[in-house]
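Let's walk through this structure together, from its outside to the way its parts pack. Take a moment to look at the model before reading on.

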Amino acid sequence: MLLLTLIQIIDLLVSVVVFLVIVQFVLSLLIAFNVVNTSNQFVAAIYSAVNALLEPILRPIRRIMPNTGAIDFSPLVLIIGLNILQIVLRNLAVAGY
């Protein structure tokens, strides 16, 4: 029972990180196309908070990946890696019971 609980907690945290990556992506697009302005304090606060949360996770991925110019594939790699982690944990949970 404890293993299942820990797997569910990790699964929830993984889902939150994936959600934050999607929020960061959408916000960066909205800022890039001048739909929202970073002079708005609310937008700037949310964007900087999301970046502060994700940067420690994305930085090692960026170091490993080759430079692709203006396109940053590290969020995509992070989401794929986290989805693989979720699959492994769910299979462990099923195998344990």
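A good place to begin is the surface: the protein has an accessible surface of about 6,900 Å², and 74% of that belongs to carbon and sulfur atoms (areas by the Shrake-Rupley method with a 1.4 Å probe; for residues, only the protein chains shown count as cover). This is a predicted model, in which local features need pLDDT of at least 70 and side-chain atom pairs count only at pLDDT 80 or more, while totals for chains, interfaces and linings use all residues. Residues are numbered from 1 along each chain as its sequence is written, and side-chain values use heavy atoms, with hydrogens and water left out.

Of the 97 residues, 24% count as buried, meaning under 20% relative accessible area with a 1.4 Å probe, protein chains only. The C-alpha trace spans about 50 × 30 × 20 Å along its principal axes.

Now follow the chain: the protein has 3 helices and 0 strands (DSSP runs, numbered from the N terminus: helices are H or I, at least four residues; strands are E, at least two).

How do helix 1 and helix 2 pack? Helix 1 (residues 2-32) and helix 2 (residues 41-64) pack at an angle of about 130°, their axes 10 Å apart (lines fitted to C-alpha atoms over the stretch in contact, with angles from 0 to 180 degrees between N-to-C directions). That angle makes helix 1 oblique to helix 2, since angles under 35 degrees count as roughly parallel, over 145 as roughly antiparallel, 65 to 115 as roughly perpendicular and the rest as oblique. Where they meet, helix 1 residues including Val17, Leu20 and Ile31 face helix 2 residues including Val43, Tyr47 and Leu58, a contact being heavy atoms within 4.5 Å.

Note on methods
Buried means under 20% relative accessible area, exposed over 50%, partly exposed in between (1.4 Å probe, protein chains only).
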